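Dear colleague,

Here is the structure I said I would pass on to you, together with some notes on its side-chain contacts. Please look at it alongside the text that follows.

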Amino acid sequence: MASHRRLKQPGRARVTVLTATAAAAVALTSQAANAAPSEKPSKDEVKSKVDKLYEEAEKATEKFNGAKEKQQKLEKQVDRLQDKVARGQDDLNDMRSGLGSLASAQYRSGGIDPSLQLFLSSDPDSYLDKASALDQLSTKQAEALKKIQAKQRTLAQQRKEASDKLADLATTREELGKKKREVQGKLGEAQRLLNSLSAKERAALKAKEDRASRDAERKASDAADAPRTDAPKGGAKGSSRTMAAYAAAQSKIGSPYVYGASGPSSFDCSGLTSWAYAQADVSIPRTSQAQANFGTRIASQSDLKVGDLVIFYGDLHHVGFYAGNGQVLHAPRTGAVVRYESINNMPFQFGVRI
């Protein structure tokens, strides 16, 4: 017969511990539930972070552009040097061949001792003519040797220069790869943040940007219609070539921003300005930092003319065209298109008049 034992009741202390643990768990769960909604950044916080990432990406983009420009120059220099080395080697081979011909002629003119030749010669006058020719050949041979030695030295110098340029090119290509990865990393992070927003929130941000762009375009249009004497409003226009460059940039309104692009269908900030000036037959540097130091610097916004370049940020990593009435025409950032914006949207440094 089975025995029935009464189950032991838990002690008062154990019940207290279990109760406290359960209460703590409930409290933590409640706190987590209450904290979860506040952990998600707001639309404005996301925009602020994304804008910062785009700014950092553009900094890296201008460094990428500088490295790319340097690479292109080095590639041209290396090609020229390698061509010079190849042609120099051909010249050296020809000179050596000529020296061999001189040596053969010398052997034919005097392969035995000159005094013995004179003794054996039945015609002393003929021998003296040969001796004179032999002396001339020796002089030519000495001159040819000097030229060969000089050519060898030049060729060695050119080869070293080409080797140094190739090493510099390899370093530049490595730097280019790093900057490209940095840009892509910043842009990828910005996109992940944007994807954390709802479709409605993203649409609201875009609508706000579109309204600002239309307002900037209207103000720029007012400046274009203003008389040239309306300098306080920024209605004064630049030179004919400057205005031709500005008109070229205007023709690209709506074109997408793509880092490292310089037209004709997509642009980054300095890609747009350098492409536009090229359409006016004016060659300016590729990067915003180089463009900042290319023309005449304009310190005050009130002195800007339509078509002047406008430089932004302390490290000069952004550039656009002054559009008049406190507006700029530029390629802003990834995800945007060539458009008008208020000059006050970015930290103005100075203008540049080409």
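**Charged pairs and aromatic rings**

Arg 339 and Glu 209 meet through their side chains in a salt bridge, at 3.5 Å from N to O. Since Arg 339 belongs to strand β5 (residues 339–342) and Glu 209 to helix α5 (residues 199–225), the pair ties together parts that are 130 residues apart in sequence. Please bear in mind that this is a predicted model, and that every value here is computed from it.

The two partners of that bridge can also be described by their accessibility: Arg 339 counts as buried, at 11% relative accessibility, whereas Glu 209 is partly exposed, with a relative accessible area of 22%.

A search of the whole structure gives 17 salt bridges, and two others may be of use to you. In helix α5, Lys 219 forms a salt bridge with Asp 215, with 3.4 Å between the closest N and O atoms, and these residues lie four apart, about one turn of the helix. Lys 219 counts as partly exposed at 29% relative accessibility, and Asp 215 likewise counts as partly exposed, at 31%. Returning to Glu 209, salt bridges that share partners join this residue with Arg 333, Arg 339 and Glu 341 into one network.

The other bridge lies in helix α4 (residues 124–195), where Asp 164 and Lys 160 are four residues apart, about one turn of the helix, and where their side chains meet at 3.0 Å, N to O. Here Lys 160 counts as exposed, at 53% relative accessibility, while Asp 164 is partly exposed, with a relative accessible area of 42%.

Turning to the rings, the same kind of search over the whole structure finds four aromatic pairs. One of them is formed by Tyr 277 and Phe 321, whose ring centres are 5.9 Å apart and whose planes stand at 25°, so the pair is stacked, the cut-off being under 30 degrees. This pair links distant parts of the chain, 44 residues apart, with Tyr 277 in helix α7 (residues 269–279) and Phe 321 in strand β3 (residues 318–324). Tyr 277 is buried, with a relative accessible area of 1%, and Phe 321 is buried too, at 0%. Together with Tyr 246, Tyr 277 and Phe 321 form one aromatic cluster.

One further contact brings charge and ring together: the charged end of Arg 297 sits over the ring of Phe 350, 3.8 Å from the centre of that ring.

With best wishes

Methods: Residues are numbered from 1 along each chain as its sequence is written. This is a predicted model: local features need pLDDT of at least 70, side-chain atom pairs count only at pLDDT 80 or more; totals for chains, interfaces and linings use all residues. Side-chain values use heavy atoms; hydrogens and water are left out. Rings of Phe, Tyr and Trp (its six-membered ring) pair if their centres lie within 6.5 Å; planes under 30 degrees apart count as stacked, over 60 as edge-to-face and the rest as tilted. Helices (H or I, at least four residues) and strands (E, at least two) are DSSP runs, numbered from the N terminus. Buried means under 20% relative accessible area, exposed over 50%, partly exposed in between (1.4 Å probe, protein chains only). A charge sits over a ring if NZ of Lys or CZ of Arg is within 6 Å of the ring centre and within 35 degrees of the ring normal. A salt bridge is a side-chain nitrogen of Lys or Arg within 4 Å of a carboxyl oxygen of Asp or Glu.
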